[in-house]
Amino acid sequence: MKWNHISIFILVLIINLNCSIFYSSERILSDTRFPIKNKTLSYELIGWDEELDRRRVTYILSALQNSQKFKSVQHYAQTKSDLHLQIILESSPKFRFFMGESSEPVSYMAEREPGRFTVYLLNRFLAVSTFFVIPDIDYDDDRILFRTIKSGKILSEKRYPIESYRIFGWVSVLLMWADDRDEWKTILTEKVNEYLVDIKDEI
């Protein structure tokens with residue numbers, strides 16, 4: 001019996017470590033064939049605290065650099081620039097019952113979105129109680145805010161959704177071949193291109 005319990009624990013651990021990620025926001029291909037701006041751009045990052053978030057923001061910075069739409073793109077502490085860009089990750093709280101701690105009081109989500117909270121809690125309870133035979137599904141309604149500042153004044157604020165679903169459990173093992181885990185670089189590059197097109201007449 002002891003070995004059976006150990007085997008079940010190891011199986012559950014392996015299954016739980018597998019996670020499939022599916023991007024659910026609209027993808028827009030923007031035409032960035034507009035003239036290069038002879039201006040310098042500085043940036044600062046706000047809200048990119050988790051390891052996964054920090055990995056993704058490198059794709060955004062790489063896309064800004066590779067766009068070649070600015071004379072230079074550097075961190076705000078390194079240069080005085082013509083334009084300053086705040087890249088802000090606006091995230092709703094990610095609740096992790098049974099798996100960790102939530103980022104704000106549980107009552108906040110229950111009061112704000114009682115229907116979604118009930119479905120979320122039921123899914124989490126069923127997933128854990130069935131050893132993830134019923135998959136655990138997390139919905140991340142993240143958004144990126146690009147705030148462009150010129151001479152200390154806000155020139156524009158452009159917000160882009162990067163919503164996704166994360167599926168934990170044995171189902172995720174079957175779906176990993178089709179998930180968007182390796183698509184984030186392309187997806188975030190598309191968001192940067194969309195931002196550059198949206199502000200091309202303002203800078």
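These exercises, each with a worked solution, deal with the sheets, core and salt bridges of the structure above.

The model is predicted; local features need pLDDT of at least 70, side-chain atom pairs count only at pLDDT 80 or more, and totals for chains, interfaces and linings use all residues. Residues are numbered from 1 along each chain as its sequence is written, and side-chain values use heavy atoms, with hydrogens and water left out.

**Exercise 1. Determine the strand order of the three-strand sheet and find its edges.**

Start with the terms. Strands (E, at least two residues) and helices (H or I, at least four) are DSSP runs, numbered from the N terminus. Two strands pair if DSSP finds at least two bridges between them.

Step 1. Strand 1 and strand 8 are antiparallel and share five bridges. Phe22 has Tyr165 of strand 8 as its bridge partner.

Step 2. Strand 5 (residues 136-140) and strand 8 (residues 164-168) are also antiparallel, again over five bridges. Here Asp140 is matched with Ser164.

Step 3. The order is therefore 1-8-5, in an open sheet. Strand 1 (19-23) and strand 5 are the edges: each has a single partner strand, so one side of each lacks a neighbour in the sheet. The twist averages 20 degrees from one strand to the next. Axes are lines fitted to C-alpha atoms, for helices over the stretch in contact, and angles between N-to-C directions run from 0 to 180 degrees.

**Exercise 2. Describe the five-strand sheet and the helices that pack on it.**

Step 1. The order is 3-2-4-6-7, open, with mixed pairing. Strand 3 (72-75) and strand 7 are the edge strands.

Step 2. Strands 2 and 3 run parallel, joined by four bridges. Ser42 pairs with Gln74 of strand 3.

Step 3. Add the helices, with contact meaning heavy atoms within 4.5 Å. Helix 2 touches strand 2, strand 3, strand 4 and strand 6, and its direction makes about 150 degrees with that of strand 4. Helix 6 touches strand 4, strand 6 and strand 7, at about 140 degrees to the direction of strand 7.

**Exercise 3. Which residues have the most contacts inside the largest nonpolar core, and which element gives the most to this core?**

Step 1. A nonpolar core is a set of buried Ala, Val, Leu, Ile, Met, Phe, Trp, Tyr and Cys residues joined through side-chain atoms within 4.5 Å. Buried means under 20% relative accessible area, exposed over 50%, partly exposed in between (1.4 Å probe, protein chains only).

Step 2. The largest core has 33 residues, and Ile60, Leu64, Leu85, Ile87, Ile144 and Phe146 have the most contacts inside it. Helix 6 gives the most, seven residues.

Step 3. Inspect Ile60. Its contacts are Trp48, Ile87, Ile144, Phe146, Leu188 and Val192, not counting residues up to four places away in sequence.

**Exercise 4. Analyse the salt bridges of Arg27 and Arg159.**

Step 1. A salt bridge puts a side-chain nitrogen of Lys or Arg within 4 Å of a carboxyl oxygen of Asp or Glu. The whole structure has ten.

Step 2. Arg27 meets Glu190 at 2.9 Å, N to O. Arg27 lies in the loop between strand 1 and strand 2, Glu190 in helix 6, 163 residues apart. Arg27 is partly exposed, at 36% relative accessible area; Glu190 is buried, at 11%.

Step 3. Arg159 pairs with Glu90, the closest N and O atoms being 2.7 Å apart. Arg159 is in strand 7 and Glu90 in strand 4, 69 residues apart. Arg159 is partly exposed, at 45% relative accessibility.
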